[in-house]
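These are my notes on a structure opened today. I record what I looked up, in the order in which I looked.

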Amino acid sequence: MGAILLQGGTVLAHEGDLVKVLCDHDILIVGNKIEDIGQGLTLPDGSAVRVIDCQGKIVSPGFIDTHHHLWQSQRIKNWASDTSIEFDEDLLPEWWLSTLELLAKSAPFGDGRVRLGLGFDDFKVPRETVRDLWARCHALDSVSLLKEYDLLNSKILFSHINGIAESDAQILLAYGAHFSSTPETELQMGLGEPVAFNPDLSSNASIGIDCHSNNSGDILTQLRLGMQHARGVENVQVSENGEYPNVNIKLERIFSLGTIQGARAVNMADKIGSLEVGKLADIVIFNATSPSMVCAAKENPLAAVLLHANVGDIEVVVVDGVVRKECGNLVDVQLLDGINERPGEVLHQREISTRLLESRARIIERGRGQDVGRGMEFLYKTFG
Ligand SMILES: [Zn+2]
């Protein structure tokens, strides 16, 4: 079995929700799991071991994105002028169900790490029932509705619950349900204050990208934007009260929002979200000697990541024990069986970009001639 030794890095490890900085530590990855974390680790006999020198590097758990409209990545455009949307007035069209069926039959993907989920959980009921349910949603808020249907539990992940009523928030916390805030879209689209940064609710919170067609696609940016916005709002209130501004929203809490709490939100906290022996090797390695990080990293590695780093400072990414980014560049990927026309084909990043642009062109072409006004009317009528 292959092994990777990450040698001599500054490791950001979790103890519960607390972050512990381990200087000059090694991480041994065997297969797809973290086998050991310590100093002066010895290499296993008979393994094809690869050593990555992590001196001057900060080793972090991989960040977890809990809300992302991935396909929209091809459609980078200002929302207000985005007219290339194809719509279907049937809420449960046949193509939708058959596509889901095809995906479900092709699963599992990525050794079981990519799992099929659904944003709408009543697809088995008759169409009229769904329409009735949708109508009822206008009258009831979703938290109360799910409680009434006895469906609320810790596996539910809500999105964009900004402005949630205090009573609903208490129900959500009592049932251990999770939620995702997406700072960049929520702040731009007028969806209110990203609630993940509210200290009373943050225990069940996580962070998502939402629409990459609208904003950045990395959790680092979302964490920084949401944190500083929340600090600003908090201090406006403090200043109005005639008090001296303070920083009550701490970095440690924000780091956990983007890591271990995201893992809890997607029910994978036993596998990902922190650097621990036995967990899957999902690891991000920052170049802490980059111009943007070097002095901050010496002072406070956590602050260096959350306040100073950008994604260009990420030198290596390991996902499921496989190096996916190296020397700052994404490595080639092999197409999966089951859902690709040419399974096994290896694609370089340039070819992936070409395919994305081709997909983008197809989407734009399909959108030509659509009655956008009628589509928007349908959307408003359906979703209120
Ligand atoms: Zn969304």
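Entry 1. I began with T259 and asked whether it is buried or exposed. The model is predicted, and in it T259 has 28 other C-beta atoms within 10 Å. The cut-off for a buried residue is 20 or more, so I entered T259 as buried. I located T259 in the loop between α7 and α8, the latter spanning 260-265.

Entry 2. I then looked up what T259 touches. Leaving out residues up to four places away in sequence, I listed P61, F63, I64, G273 and S274 as its contacts. For G273 I also noted the C-alpha separation from T259, which is 4.7 Å, although the two are 14 residues apart along the chain.

Entry 3. I turned to α7, the helix on one side of that loop. Which of its residues are buried? I found I254, F255, S256, L257 and G258. Among the elements that cover these buried residues I noted β2 (18-30), β8 (205-207), α6 (219-240), α8 and α10.

Entry 4. I next examined how α7 meets α10. The axes of α7 (residues 251-258) and α10 (residues 301-308) come within 10 Å and cross at roughly 65°. I therefore recorded α7 as roughly perpendicular to α10. The crossing of α7 past α10 is left-handed. On the α7 side, I listed L251, E252, I254 and F255 in the contact; on the α10 side, L302, A303 and L306. Sorted by type, the residues of this contact are six nonpolar, no polar and one charged.

Entry 5. I looked up the largest nonpolar core, which has 60 residues. Which members touch the most other members? They are I27, I58, V59 and F286. I followed I58 further: setting aside residues up to four places away in sequence, I58 touches G9, T10, L12, F286, A288, A297, P301, A304 and V305. F286 thus appears both among the core members just named and among the contacts of I58.

Entry 6. I closed with the chain as a whole. I counted twelve helices and 14 strands. Of the 384 residues, 29% are buried. How many of the contacts between residues at least 6 apart in sequence join residues at least 24 apart? I noted 67% for the chain.

Technical notes: Residues are numbered from 1 along each chain as its sequence is written. This is a predicted model: local features need pLDDT of at least 70, side-chain atom pairs count only at pLDDT 80 or more; totals for chains, interfaces and linings use all residues. Axes are lines fitted to C-alpha atoms, for helices over the stretch in contact, and angles run from 0 to 180 degrees between N-to-C directions. Helices (H or I, at least four residues) and strands (E, at least two) are DSSP runs, numbered from the N terminus. Angles under 35 degrees count as roughly parallel, over 145 as roughly antiparallel, 65 to 115 as roughly perpendicular and the rest as oblique. A crossing is left-handed if the near helix is turned anticlockwise from the far one by less than a right angle, and right-handed if clockwise. Two residues are in contact if their C-beta atoms, placed from the backbone, lie within 7 Å. Ala, Val, Leu, Ile, Met, Phe, Trp, Tyr, Cys and Pro count as nonpolar, Asp, Glu, Lys and Arg as charged, and the others, Gly among them, as polar. A residue is buried if 20 or more other C-beta atoms lie within 10 Å of its own, exposed if 12 or fewer, and partly exposed in between; C-beta atoms are placed from the backbone. A nonpolar core is a set of buried Ala, Val, Leu, Ile, Met, Phe, Trp, Tyr and Cys residues joined through C-beta atoms within 7 Å.
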